[in-house]
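Here is a short set of exercises to work through with the sequence and the 3D view side by side. Try each task yourself before you read its solution.

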Amino acid sequence: MKKIVYFLIVIVAVLSACSEADSENTYTVEDAEENGDVIVKHQSEDFEQIRQGALEVENIEKMNTLLEKVDNAEDYSVDVSIFNPNNTHYKNTFTADGQNITFENNYEGYRQSPAGTYTCRFIQKRGHIIYLSKCESEEGEEYSTMVAFIGTEEAFREAE
């Protein structure tokens, strides 16, 4: 009987430790700042409101650098941390290799941009939105144009 009680205590302790570890591993805005991520804080979950500027952006100069590096056929990588109003975190990564841009998209909230990893030929900033074009998913699906990043006109202007 003592062995069973001891075993149950050990199991409860292990499960407790695991659940505490999970809650401590939540990626925060502070973590993103420390890691140098571009940070996008959505003030809405509605795409149209986000597109119209319901967001705050930090470190956007790294997106300008990405655009410059791609234009110069240079290697570059940048992580973008997106936080929804409920602080749910999504990390997207852009990696340029001199010829293509690999877009690891974990956020499905932008229209025509499903989650997944894509290899794209072109990147372009139009206004406050960055688009990727001539993209192919890992499964071989082709996408002519994808919304890859939404910032604000003001943030892009200040970063120049």
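Helices (H or I, at least four residues) and strands (E, at least two) are DSSP runs, numbered from the N terminus. This is a predicted model, in which local features need pLDDT of at least 70 and side-chain atom pairs count only at pLDDT 80 or more, while totals for chains, interfaces and linings use all residues. Residues are numbered from 1 along each chain as its sequence is written, and side-chain values use heavy atoms, with hydrogens and water left out.

**Exercise 1. Follow the chain and list its elements in order.**

Step 1: Count helices and strands; there are five helices and eight strands.
Step 2: Starting at the N terminus, write down the order α-α-β-α-β-α-β-β-β-β-β-β-α.

**Exercise 2. Find out where the pLDDT is below 50.**

Step 1: Recall that pLDDT is the predictor's confidence in each residue, from 0 to 100.
Step 2: Look at the whole chain: the mean pLDDT is 88, and 84% of the residues reach 70 or more.
Step 3: Now pick out residues 10-24, where the pLDDT is below 50. Beyond near neighbours in sequence, this stretch has zero contacts (heavy atoms within 4.5 Å) in the model.
Step 4: Keep a reading rule in mind: where pLDDT is low, the predicted coordinates should not be read in detail.

**Exercise 3. Work out the strand order of the open sheet, and explain why one side of S2 and of S8 has no neighbour there.**

Step 1: Use the pairing rule, by which two strands pair if DSSP finds at least two bridges between them.
Step 2: Read off the order of the eight strands, S2-S1-S3-S4-S5-S6-S7-S8, with mixed pairing.
Step 3: Go to the edges, where S2 (55-58) and S8 (142-150) each have a single partner strand, so one side of each is left without a neighbour in the sheet.
Step 4: Zoom in on one pair: S4 (residues 89-97) and S5 (residues 101-105) are antiparallel, over four bridges. In this pair, threonine 95 stands opposite threonine 102 in S5.

**Exercise 4. Which residues of helix H4 are buried, and why are they on the same side?**

Step 1: Apply the cut-offs: buried means under 20% relative accessible area, exposed over 50%, and partly exposed in between (1.4 Å probe, protein chains only).
Step 2: Within H4 (residues 61-71), the buried residues are Met63, Asn64, Leu66 and Leu67.
Step 3: These residues cover an arc of only 155° around the axis, which puts them on the same side of H4. The arc is that of the directions from the helix axis to the C-beta atoms.
Step 4: Move just past the end of H4, where alanine 73 takes a positive phi of about 55°.

**Exercise 5. Which cysteines does the disulfide join, and are they buried or exposed?**

Step 1: Start with the chemistry: a disulfide is a covalent bond between the sulfur atoms of two cysteines. Here the criterion is a pair of cysteine sulfur atoms within 2.5 Å.
Step 2: The structure holds one disulfide, and this disulfide joins cysteine 120 to cysteine 135, with an S to S distance of 2.2 Å.
Step 3: Cysteine 120 lies in S6 and cysteine 135 in S7, so the pair ties together parts that are 15 residues apart in sequence.
Step 4: Both cysteine 120 and cysteine 135 are buried.
Step 5: The link has 115° about the S-S bond and is right-handed.
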